[in-house]
Amino acid sequence: MKITTLLLCLYVCCSVSCSDSSSEDINLPDIPDMQQLYFPPINSNSWESTTIQDLNWNIDEEQQLYDFLEEKGTKAFIILKKGRIVIEKYFNNTSSTDKHPWYSAGKTLTAFITGIAKQEGIVDINTSSSVYLGDGWSTLSLDQERTITIRNHLTMTTGLDYTVTNQNCTDTDCLTYLNPSGSFWFYHNAPYTMITNIIEAASNQEYNDYFSAKIKNRIGMEGSWIRLGYTNIYYSTARSMARFGLLNLNKGTWNTTSILSDTDYFNEMITTSQQHNESYGYLWWLNGKNSYRVPSFDIEFPGKLIPNAPDDLIAGLGKNDQKLYVIPSQDLVIVRMGDDTGQALLGPSSFDNDLWDRINALIN
């Protein structure tokens, strides 16, 4: 007998026999289906939760996880299971209302909004970015420049020179030729940042406005994009990052509302996007591959990006260890925001593996 049916029978057993099909209809209370993904309501602080005990996780490991997080400069940490909050903790004098920078974890937002622009027909990711940026946005020859597509911007394969003094610089004289587009992978922030300009040109809107209308307001996020020098950084609460993670856990649909309905693009976004870095999709990091490259290095490393994490994990990883983990096989979304953990790196770090060692001890 199914659990839900058994519960209903127990509820009415005093007055109605579960096997009596001739009994008159009785109004029964709604019983939440814990097997379905839960989505918190829009414009509300309400959010259903479940407990470590309910999930039969190892409660003896809970405090050790918190101690580790606090020691490592964490400000906000959330675990969602099937959309419900299992853990929501704030450390180091922060609260649920504080907004934190996503840094490069926000690249996942840009990948997603580019997919929306594609499904609306205002962007073709296989088209030269010069169509949207105009000729002469770099120091490359026009022929070289026109070979760079939006897909190259999304996959870190523009071929622009990453040995420049400031890899964030988007001035024309900072954008110089090094390799043919598509021939090499390097984590170069400037070509990524220029996707903002591409979206603005294609949508004829400010980037913040387009993002808010297409994603933020539709799933109940807070926050905004803030320009810091050459970079464009998203700031939000940890719950807003968790909402975006839940949207991706459900493959671009918020509850029953399709946000990114282009399933081909969504699947490409979270799949190896080029032959030079198996562990990189469209601005998303991918676990479980045979090798990976990381920011600031031009060499390939063997093995999985995060050996302790599930193979199907996809992640937004930002400077100072901002983490958004989405694990479809376990219906998990995990958020970590805060200060750097001792390694001021741009994305992946040894903290990922150390954190997953402690998460595994809890959930397994």
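Three worked exercises follow on this predicted model.

**Exercise 1. The sheet**

Give the strand order of the open sheet, and find the strands at its edges.

*Solution.*
Step 1. The sheet is open and has three strands, in the order E3-E5-E4. Their pairing is antiparallel.
Step 2. Strand E3 (100–101) and strand E4 (224–228) each have a single partner strand, so they stand at the edges, and one side of each is left without a neighbour in the sheet.
Step 3. Look at the pairing of E4 with E5 (residues 231–236): five bridges join them in the antiparallel sense. Within E5, Ile 233 is the bridge partner of Ile 226.

**Exercise 2. Helix H3**

Compare the span of H3 with the expected value, then decide how many of its residues are buried.

*Solution.*
Step 1. H3 covers residues 107–119, which is 13 residues.
Step 2. At 1.5 Å a residue, 18 Å is expected. From first C-alpha to last, H3 reaches 19 Å, close to that value.
Step 3. Buried means under 20% relative accessible area. Eleven of the 13 residues are buried, so H3 is mostly covered. Among them are Leu 109, Phe 112, Ile 113 and Ile 116. Lys 107 is also buried.
Step 4. Move just past the helix. Gly 121 takes a positive phi of about 80° there.

**Exercise 3. The cavity**

Count the cavities of 30 Å³ or more, and classify the lining of the largest cavity.

*Solution.*
Step 1. The count is one.
Step 2. The largest cavity holds about 50 Å³ of space.
Step 3. Its lining includes Met 156, Leu 160, Tyr 162, Asn 179, Trp 185 and His 188.
Step 4. Sort the lining residues: six are nonpolar, five are polar and none is charged.

Methods
Residues numbered from 1 in each chain as written. Predicted model: local features only at pLDDT ≥ 70, side-chain atom pairs only at ≥ 80, totals over all residues. Heavy atoms only, no water. 1 Å grid on protein atoms, 1.4 Å probe; cavity = no way out; pocket = protein on both sides within 12 Å on 5 of 7 lines; lining within 4 Å. Points joined across faces, edges and corners; volume = space filled by probe spheres on them. Nonpolar A, V, L, I, M, F, W, Y, C, P; charged D, E, K, R; others polar. Pairing = 2+ DSSP bridges. Helix = DSSP H or I, 4+ residues; strand = E, 2+ residues; numbered from the N terminus. Expected span 1.5 Å × (residues − 1). Buried < 20%, exposed > 50% of the residue type's maximum accessible area, 1.4 Å probe, protein only.
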